[in-house]
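Biologist: Hello! Please take a close look at the charged side-chain pairing in this protein for me, and then show me how that part fits in with the rest of the chain.

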Amino acid sequence: MKKFLALMLAAVMMFSFAACGGEEVEETTETTTTVVEEVEEEEITLVERTTGNVSMLLPSDFTDFTAYEGYSVAAGPGASVVVAEMGEYLMDSTTMTEEDFLASTEGVYENVEIVEFGPSDINGAIGVVGTFIGDSVSSGETRSVLYAWYDTTDGTTDYNNSICFVFNTNAGTSLETYFEDVLGSVNVLGE
């Protein structure tokens with residue numbers, strides 16, 4: 001379980017910057033010129049995004065969710081959201097401890113400071129939410145992470161699921177700016 005959680009956090013880090021960019025290199029016969037595209041500041045709004053049985057409002061500078069095996073990712077500048085079906089019921093999410101949560105960050109983040117940890121109700125899906133700030137092992141950047149684990153059922157089998165929100169701390173990303181609205185909009189469909 002701890003290895004799976006660490007892998008999920010690693011996946012989040014990998015996709016955190018998928019939408020980043022900004023420089024384009026243009027070659028000519030005489031010189032190589034670096035052209036920096038100036039992007040007009042567009043007004044960021046919140047738009048509905050859905051993946052699997054989860055819907056939420058995300059800033060308009062985020063991509064749609066892209067599905068991978070077992071999880072989906074929506075990425076924006078300096079931020080990402082990963083929704084994962086962790087698989088058949090491995091454990092009751094409400095029994096996860098703060099120590100389990102901290103252990104899941106090992107190898108992915110260092111200097112971890114847990115901000116909040118405890119039981120939660122995501123539109124009727126019972127689980128636990130943990131929030132921490134830590135330095136990414138791969139980039140060294142300080143990131144804020146909110147990880148929510150919750151349980152669902154299809155009527156015959158119970159499943160553990162998770163939603164992970166990651167953004168560069170105090171970088172003014174759209175996810176950080178609208179975080180409370182995004183978090184309040186999470187809906188586990190069919191619950």
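Modeller: Glu141 is partly exposed, because its relative accessible area is 34%, in between the limits of 20% for buried and 50% for exposed. Please keep in mind that everything here comes from a predicted model. The partner of Glu141 is Arg143: the two form a salt bridge whose closest N and O atoms are 3.3 Å apart. The two ends of this pair differ in cover, since Arg143 has a relative accessible area of 1% and is buried, while Glu141, at 34%, is partly exposed.

How many such pairs turn up when the whole structure is searched? The search finds 2 salt bridges. The other one joins the side chains of Asp64 and Arg49, with 2.8 Å from N to O. That pair ties distant parts of the chain together: Asp64 sits in the loop between E4 and strand E5 (66–68), Arg49 belongs to strand E3, and 15 residues separate them in sequence. Arg49 has a relative accessibility of 14%, so it falls under the 20% limit and counts as buried.

Arg49 leads us to the sheet around it. Its strand, E3, belongs to an open sheet of 3 strands in the order E3-E4-E12, with antiparallel pairing. E3 (46–51) and E12 (187–188) are the edge strands; each has a single partner strand, so one side of each has no neighbour in the sheet. Between E3 and E4 there are 6 bridges, and one bridge pairs Thr51 with Val54 of E4. If you are wondering what holds such strands side by side, strands of a sheet pair through backbone hydrogen bonds, in a parallel or an antiparallel way.

Arg49 also touches a residue of the protein's interior. Leaving out neighbours within four places in sequence, the contacts of Leu58 include Arg49, along with Thr45, Leu46, Val47, Phe65, Ala74, Val81 and Val182. Leu58 is one of the residues with the most contacts inside the largest nonpolar core, a group of 23 residues; Met56, Val81, Ile163, Phe165 and Leu175 are the others named for this. Two or more residues of that core come from each of E4 (54–59), E7, E9, E10 (142–153), E11 (158–168) and helix H4 (179–185). A separate core of 15 residues lies apart from it, and Ala84, Phe132, Tyr147 and Cys164 are among its members.

E7 and E9 deserve a few words of their own. E7 covers residues 79–88 and includes Ala79, which counts as buried because its relative accessibility is 0%. Ala79 is 92 residues from Ala171 in sequence, yet their C-alpha atoms are 9.9 Å apart in space. E9 (125–136) is mostly covered, with 10 of its 12 residues buried. E9 runs antiparallel to strand E8 (109–122), and 11 bridges join the two; in one of them, Ser120 is partnered with Gly127 of E9. The hairpin made by E8 and E9 has 2 residues between the strands, and Asn123 takes a positive phi near 50° there.

Two more asparagines have a positive phi. Asn111 is in strand E8, with phi near 55°, and it is exposed because its relative accessible area, 59%, is over 50%. Asn170, also with phi near 55°, lies in the loop between E11 and helix H3 (174–177). At 68% relative accessibility, Asn170 counts as exposed too.

Now for the wider setting. The chain holds 4 helices and 12 strands, and 43% of its 191 residues count as buried. Its accessible surface is about 10,200 Å², with 48% belonging to carbon and sulfur atoms. Of the contacts between residues at least 6 apart in sequence, 52% join residues at least 24 apart.

Finally, a friendly word about confidence. The mean pLDDT of the chain is 77, and 70% of the residues reach 70 or more. Across residues 1–40 the pLDDT is below 50, although that stretch has 73 contacts in the model beyond near neighbours in sequence.

Conventions:
Residues numbered from 1 in each chain as written. Predicted model: local features only at pLDDT ≥ 70, side-chain atom pairs only at ≥ 80, totals over all residues. Heavy atoms only, no water. Buried < 20%, exposed > 50% of the residue type's maximum accessible area, 1.4 Å probe, protein only. Contact = heavy atoms within 4.5 Å. Areas by Shrake-Rupley, 256 points an atom, 1.4 Å probe, with all protein chains shown as cover. pLDDT = per-residue confidence, 0-100. Pairing = 2+ DSSP bridges. Core = buried A, V, L, I, M, F, W, Y, C linked by side-chain atoms within 4.5 Å. Salt bridge = Lys/Arg side-chain N within 4 Å of Asp/Glu carboxyl O.
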